[in-house]
Structure formats: structure tokens, C-alpha cells
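Thanks for asking me to look over this model. My comments are below, set out as numbered points so that you can follow them with the structure open.

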Amino acid sequence: MPDFLNDAQRDIQQRAHSLGRRVASLNADTLEAHQIESETRALSKRAGIFFLSQPAEFGGTDATSLEMTIARDALGTCGVSHLPGLFGPAPGLLAQASEQVRNKFLKPYLAGEAKGGFGFTEPSDAGRHTWATYEGDELVINGQKSYVTGGSQADFVNTLVEVEDVGPAMVLIETNIPGVEITRRFGSIDGTHHASFSFTDVRVPREHIIGDAGAGMKRALDQVNAVRMAIAADSVGLCHFVCDHVADHIHRTELSTAAPGTNQAVRVQFGHMRAQAYSARSAVYRTARLVDAGDNAVNEVMTSKILATEALGSLTDVAIQIVGGEALADLHPLASVFRRARATRLAEGSTEVLHGNIARGYLDLQLGRI
Ligand SMILES: Cc1cc2nc3c(=O)[nH]c(=O)nc-3n(C[C@H](O)[C@H](O)[C@H](O)COP(=O)(O)OP(=O)(O)OC[C@H]3O[C@@H](n4cnc5c(N)ncnc54)[C@H](O)[C@@H]3O)c2cc1C
């Protein structure tokens, strides 16, 4: 829980919370999305929150998993944790890339001058996973990726590729080279934008393999794991944002229509929402501490992502029902959280797939403390 925080952690919590309140007050009626993003970035840099996710060698503060959780949770309680511009780009997979790739891509990426995407998901009818063969010092890549967030603006996509005779590898593919084509651009319900890619005889230097060839699936999953934790932390903050919204609603309606406590049916629903929020938040903070202790916390991260996103989906649905049709207006905060919650139950691994993995972790691999 966000209890037992030391002074430095409480400082992050307070800075993130006041940043969240300022970002929440930016007016979506009068500002374009890109203006909100750049204003958010400027405010976050001033609050020192932007740099938490970046390494010290690039001016960041290299925050721990617990510190990131505290910041995301605090931003979530203001209803804004999922907005772009709050955190600086983290090196992610590129931290393990060859020197050549780091020199060319990592610096501009961390400075916000180059954008990257993550290519993992493939169309269900793809037939064969994206694959590559060696030709001299080059890889020749063919295949498709169906759901690359930010793909239309990406200068490169870190892509999971099955390399012949080696196995899965993460490979950096620039988006402007021959054979790379965007076959579809689309937005999703949560307001984020994506692209589908096809690769036809795309040639990249061997150095574009990130880390050891053959260890690509592990590398991809390390990256996915970090994002799952971020989604879980955002979601617990948003759970509390939604609960606060319903508490205000209950107070207002009870004041205007009845004596406090008379609307017992709604109060029971609200109590259930609070219990779900507490359970999800407890799991996420415990997991962040396990990650920081250096433990293998893959199963606990999956569990936290499930608990937090399912709790958020369920209690936001109930909150909308309690508040009524007004909560479905496009710009209503509950409608916005609902769209976000719906996407997070699929993004970075659907709830069902994660449940299956947790079962496998325990039954076949003897992993996980649950
Ligand atoms: C907002 C958003 C952003 C995303 N960004 C990216 C990105 O940047 N890069 C990227 O590569 N992908 C991205 N994705 C794709 C995401 O990872 C996939 O949507 C997700 O992993 C589910 O895969 P799928 O869509 O192919 O559905 P499927 O895997 O086809 O699943 C369809 C349904 O079948 C169920 N199912 C599938 N397998 C099993 C099983 N073994 N047991 C039980 N049930 C099962 C699922 O739970 C789901 O209900 C994003 C998705 C969203 C919504």
C-alpha cells in the first residue's frame, strides 16, 4: 500500500499528485490533444516527474518500481495517469542493444527526437510468424505485425522475429527502409493510435538484433512485464479516482434528495467498489516491492495487472450505472476511464491468457508465490 513511505517516496507522491491536479485542469474543450500533451510534458518536467522513468546517464532519476508505482498511482487518483507526456521515454529494450544501435537510436529516442514502436502481436490468420534468414551480414525479414501503438509516427519498431536456426530475436527495424509498409492505421476505444505493418524482404544489419539472438522472447517479455506493471499502477490510481467520483455523487444526491444513508443499495455497491480498489492496490504495491528486491516477480506482475485492470473495468461500469446517462457523455471523466479500462484488459496480454500463464507458472515451472 502507499503506506510506510519514506520522505523521498512521499515527496514523489505529493509532486505527482499536484502535477496530476494541474494536468486535470487543462481544458480539453479549448486545447487540441497535441497542445495538452506538450503542456503536460512541460508541467511534468518542472515537477521532476518526467525524469523518473529515464536513466541517470541521460539526466533521469532512474526510479525504482515502487517509486514509479507511487507516481503513477498518484496521477491516477487525479484521473490523468494514462495521458501522454507525463513520463520521459525509457530505454526499454534499447538499453541492451549493440553499441552501434545505441549510438544511432537510443540518444535521440530518450531526447524525444525519435519515436519507437513495439511489434509483437500478429494477425490471427498470419500463418507463419514474422521470420528472418541471414544473408551475409544482413537479416532478411518477412511477415506482419498487426497492432503497433504509435506505429504511424514511429521511426523504428522493435520487432519480435523468428530467426532461422537461432530462434526468436528482437530486431530494430527502421520504418523508412525498403520493404516496410504500413498496411493500416487505426485508433482504439481508449484514444490511442496504432498501425499494422508488413515486411517484405526487409534488410537490416545483423547488429540490429537486440541482445543475444535466440533470447528475443525473453527480451520481449521483460519489456511487456514493465509495461504491465505501469498499467497496473495507473489502474489502481484510476480505481480511486472513480471511487472518489462516486462518493461525491452519493454525497450530493443524499444532500438533495434524502437523509444520509437512506440509499443503502448504492452504498453497498460503493462499498464493493472500495473493497476491489483496496485489494488491487495492495497487490500492486507488494509486487513493486518484490520487483525492487530483485525477485522473479513475473507471476505477481501478471496477477497485479489482472487484478487492477479487472477491478477498474468492473467498478467503472458500476460507477457509470450509479451516476446515470450523463456519465456516458463523450468528455465525462467516467466515460474516458471506462474506455481506457476496456483497452487495458486486452493490451499487454489478455486476462485469460495471463490466467493461463499463472497456472502454467505454478503447475509446470513451480514459480509464483500466490
Ligand atoms: C490499446 C492497445 C494497445 C496495444 N499495443 C500493442 C503494441 O504496441 N504492440 C503489440 O505488439 N501489440 C499491441 N496490442 C495488442 C495486444 O497485445 C493484443 O490485442 C492482445 O495480446 C490480445 O491478442 P489478440 O488481439 O491477438 O487477441 P487473441 O489472442 O486472438 O485473443 C482473442 C480472445 O481469445 C482469448 N484467448 C486467446 N488465447 C487464449 C488462451 N490460450 N486461453 C484462453 N483464452 C485465450 C483472449 O483472452 C481474447 O479474449 C495492443 C492492444 C491494445 C488493446
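The points below go from the whole chain to its strands and then to the ligand.

1. A word on the model first: this is a predicted model, so please read every value here as computed from its atoms.

2. Let me begin with the overall build. The protein chain has nine helices and eight strands. Its radius of gyration is 22 Å, close to the 21 Å that the globule rule gives for 370 residues, so the chain is as compact as a globular protein of that length. Along the principal axes, the C-alpha atoms fill a box of roughly 80 × 50 × 45 Å.

3. Burial and contacts come next. Of the 370 residues in the protein chain, 41% are buried. If you take the contacts between residues at least 6 apart in sequence, 71% of them join residues at least 24 apart.

4. On domains, the chain is divided into domain 1 (7–90), domain 2 (98–210) and domain 3 (217–363). Between the C-alpha centres of domain 1 and domain 2 there are 28 Å.

5. Strand 2 (residues 131–135) is a good place to start on the strands. Strand 2 pairs with strand 3 in the antiparallel sense, over five bridges. Within this pairing, Trp131 stands opposite Asn142, and Thr133 has Val140 as its bridge partner. The two strands form a hairpin with two residues between them, where Gly136 takes a positive phi near 60 degrees.

6. Which way does strand 4 (residues 156–163) run against strand 2, parallel or antiparallel? The two run parallel and are joined by two bridges. Here Ala132 stands opposite Val163 of strand 4.

7. Strand 3 also pairs with strand 7 (residues 193–205), in the antiparallel sense and over nine bridges. One of the facing pairs is Gln144 with Ser198, the latter in strand 7. Strand 3 is therefore worth following on screen, as it pairs antiparallel with strand 2 and with strand 7.

8. Thr200 is a useful residue to click on in strand 7. Is Thr200 buried or partly exposed? Thr200 has 13 C-beta neighbours inside 10 Å, so it counts as partly exposed. Leaving aside residues up to four places away in sequence, Thr200 touches Asn142 and Gly179. Asn142 is the residue of strand 3 that Trp131 stands opposite. For a sense of distance, the C-alpha atoms of Thr200 and Ser44 are separated by 41 Å, with their positions 156 residues apart along the chain.

9. Finally, the ligand. Of the 20 residues around it, which come nearest? They are Phe120, Thr121, Thr149, Ser350 and Glu352. The elements that give two or more residues to this shell are strand 1 (116–119), strand 3 (138–149) and helix 9 (351–363). By class, the shell has eight nonpolar, nine polar and three charged residues.

10. A last remark on the ligand shell and the domains: at least three residues of the shell come from domain 2 (98–210), and at least three from domain 3 (217–363). Strand 3 links this point to the earlier ones, being among the elements that give two or more residues to the shell and pairing with strand 7 over nine bridges.

Methods. Residues numbered from 1 in each chain as written. Predicted model: local features only at pLDDT ≥ 70, side-chain atom pairs only at ≥ 80, totals over all residues. Near = placed C-beta within 6 Å. Helix = DSSP H or I, 4+ residues; strand = E, 2+ residues; numbered from the N terminus. Nonpolar A, V, L, I, M, F, W, Y, C, P; charged D, E, K, R; others polar. Domains from an automatic or database assignment. Rg over C-alpha atoms; globule rule 2.2 N^0.38 Å. Buried ≥ 20, exposed ≤ 12 C-beta atoms within 10 Å, placed from the backbone. Contact = placed C-beta atoms within 7 Å. Pairing = 2+ DSSP bridges.
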